[in-house]
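Visitor: I have a model open and want to learn how to read it. Where do we start?
Guide: Let us take one feature at a time.

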Amino acid sequence: MRITDTSDLWWKTAVVYCLDVQTFMDWDDDGMGDFTGLAQRMDYLHDLGITCLWLMPFYPTGDRDDGYDITDFFGVDPRLGTHGDLVEVIRTANDRGIRVIADLVVNHTSIQHPWFRSARRSKDAPFHDFYVWRSDEPPDTSDQVVFPDAENSIWEFNEPTGEWYLHHFYKEQPDLDVTNPKVRDEVAKVMGFWLQMGLSGFRMDAVPFFLDTVGGDQKDFPDPHEFMRALRAFLGRRVHGGVILGEVNLPHAQQAVFFGGPEGDELTMQFDFLAMQALYLSMARADAGPLAKALLDRPEVSPDNQWATFVRNHDELTLDKLSDEERAEVFAAFGPDPSMQVYGRGLRRRLPPMLDGDPRRLRMVYSLLFSLPGTPVLFYGEEIGMGENPELEGRMAVRTPMQWTDGPNGGFSQAPPRKLRRPLTTGGYGPEFVNVADQRRDPESLLSFMKLLIRRYRECPELGWGGFEVLDQPHASVLAHLCRWEDGAMVAVHNLGPEPQTVPLTLEGCDSSHRLEDLLQERSTPLDEKGRAELALEGYGYRWLRVVAEGSRRLL
């Protein structure tokens, strides 16, 4: 590998860390996290080893959807700081080798956005055609709403114009009309503005909805994906190595379209929602089969694209691509109480409580995450094993303040608890039991283990660049896979079940001149003349093994 071959595709081997500024660190003690607090914690993120920071929306907001209902695409929520404070965050991150991306939420605006406030007054208003309208009463669309607990239609009546406007999300989030060239120009301006401020790209929200042309004027906009290709090209002109990480929760074949097909000229990266959902099904069954199938079913993508892998994100843990029976299995295993479920399609829990706090299972899952082919994405607090607050509504249960110490408010803020943006997690996962300060001093902590995984992942370019294959072995509970790139190869073996297993493996092209060096502990396993070895795994055990030939100069 030559650095010059890969440096502009930094995201292929990045470690992405998602956080919400408002719940990460409050530096002025008003109860709301802020950019100054984030800047003060940049050394922590650097020490963790992350290389890309994803900021959830920090724009002025109507506060209907936790920041995803934006009132000014070019602004900064004054409760979080100023543009200058954001620039300082980007500078301190870049100085430590961390790139910064931010949520790009352009499918809709807030109902309070000046565009919509103008648009709803009159059919002749300047911004009326920025949104999607219909004059005839809409049919029943209750099966199309994103939030079925709050909405029963994707159309809302607007009395001043006598029309209905489109909103796939809350009615306070009217959809923009992407078929309007003026809207497309504004989207490019928004991207250009924040790139000029120092961002390295975006996580694009709700991409299929954004490119949906329902209700719009399609005659001059026959191919929505042409616009996505134009945005990718625009990004490339403005920022070398810029990235668009897209939220596309669709079957793999449809996701391939959003990559841009063989050319790979649309979204740079996409989250692999199907592998994530299959992972939970595999854990519920102690059967690696569903996960292996999901990974093997991934469509081949261009070298200019990448899959993003994750265990948890900021939304509900969606299980919508599982069958009803499969979803019921996962609910029974990890969220049997209906209060733990949301929208009938997902869970509003973090991983440690779902696994009953079992450190073996928790470490196995994160070992598996970092060993899968693709770019791993972490949600803040995962690295210390934070839990959720079930008393909070819906998805807010997993968006509690970061737990820094065992002191008041978990070290997040010195404001009175009643002024906090959101209550902290309580009980066995509260800050008195789970916090950064304690775990930084403990070499056996989850935080220390996550740092090790991140270091090893960064030392294994095969995981971000290489081909992937599942290795034959007889145990249903075990996933053994090989990632190979150029002259490097590594094997990862994970036991999703509680029973110990001895795993026989045969590595094609290897013989007794090769050996397997364990990357997570000091252990070496020889191969015989046919490239065979047996690996001992404890219940929920895991091994990372580099294939080493005589005279190899690979880092062990």
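Visitor: Which residues in helix 16 are buried?
Guide: Keep in mind that this is a predicted model. Buried means under 20% relative accessible area. In helix 16, the buried residues are L446, L447, S448, F449, M450, K451, L452, L453, I454, R456 and Y457. That makes 11 of its 13 residues, and the helix is mostly covered.

Visitor: How many Å should helix 16 span, and how far apart are its end C-alpha atoms?
Guide: The expected span of a helix is 1.5 Å times one less than its number of residues. Helix 16 covers residues 446-458, so its 13 residues should span 18 Å. The end C-alpha atoms are 18 Å apart, which agrees.

Visitor: Now sheets. What is the order of the strands in the open sheet of three?
Guide: Read the order across the sheet: 11-13-12, with antiparallel pairing. Strand 11 (317-318) and strand 12 (341-342) stand at the edges. Each has a single partner strand, so one side of each is left without a neighbour in the sheet.

Visitor: How many bridges pair strand 12 and strand 13?
Guide: Two bridges, in the antiparallel sense. Strand 13 is residues 346-347. For a landmark, find V342, which stands opposite G346 in strand 13.

Visitor: On to empty space. How many cavities of 30 Å³ or more does the search find?
Guide: A cavity is a space where the probe fits but cannot get out. The search of the whole structure finds four of 30 Å³ or more. The largest cavity holds about 70 Å³ of space. It is lined by 14 residues, and Q22, P57, G67, D77 and R79 are the closest to its centre. By class, the lining has six charged, five nonpolar and three polar residues.

Visitor: And pockets? Which residues are the closest to the centre of the largest pocket?
Guide: A pocket, unlike a cavity, is an open set of points. The largest pocket holds about 560 Å³ of space. Of its 27 lining residues, V146, F169, F209, E247 and N249 are the closest to its centre. The lining divides into 11 nonpolar, 10 charged and six polar residues.

Visitor: Last, the record. Which residues does UniProt list for the catalytic domain?
Guide: Treat a record as an annotation, which may be inferred rather than shown by experiment. An unreviewed UniProt entry lists residues 18-421 as "domain: Glycosyl hydrolase family 13 catalytic". Over residues 18-421, the model's chain is 31% helix and 12% strand. The end C-alpha atoms of that stretch are 18 Å apart.

Conventions: Residues numbered from 1 in each chain as written. Predicted model: local features only at pLDDT ≥ 70, side-chain atom pairs only at ≥ 80, totals over all residues. Heavy atoms only, no water. 1 Å grid on protein atoms, 1.4 Å probe; cavity = no way out; pocket = protein on both sides within 12 Å on 5 of 7 lines; lining within 4 Å. Points joined across faces, edges and corners; volume = space filled by probe spheres on them. Nonpolar A, V, L, I, M, F, W, Y, C, P; charged D, E, K, R; others polar. Helix = DSSP H or I, 4+ residues; strand = E, 2+ residues; numbered from the N terminus. Pairing = 2+ DSSP bridges. Buried < 20%, exposed > 50% of the residue type's maximum accessible area, 1.4 Å probe, protein only.
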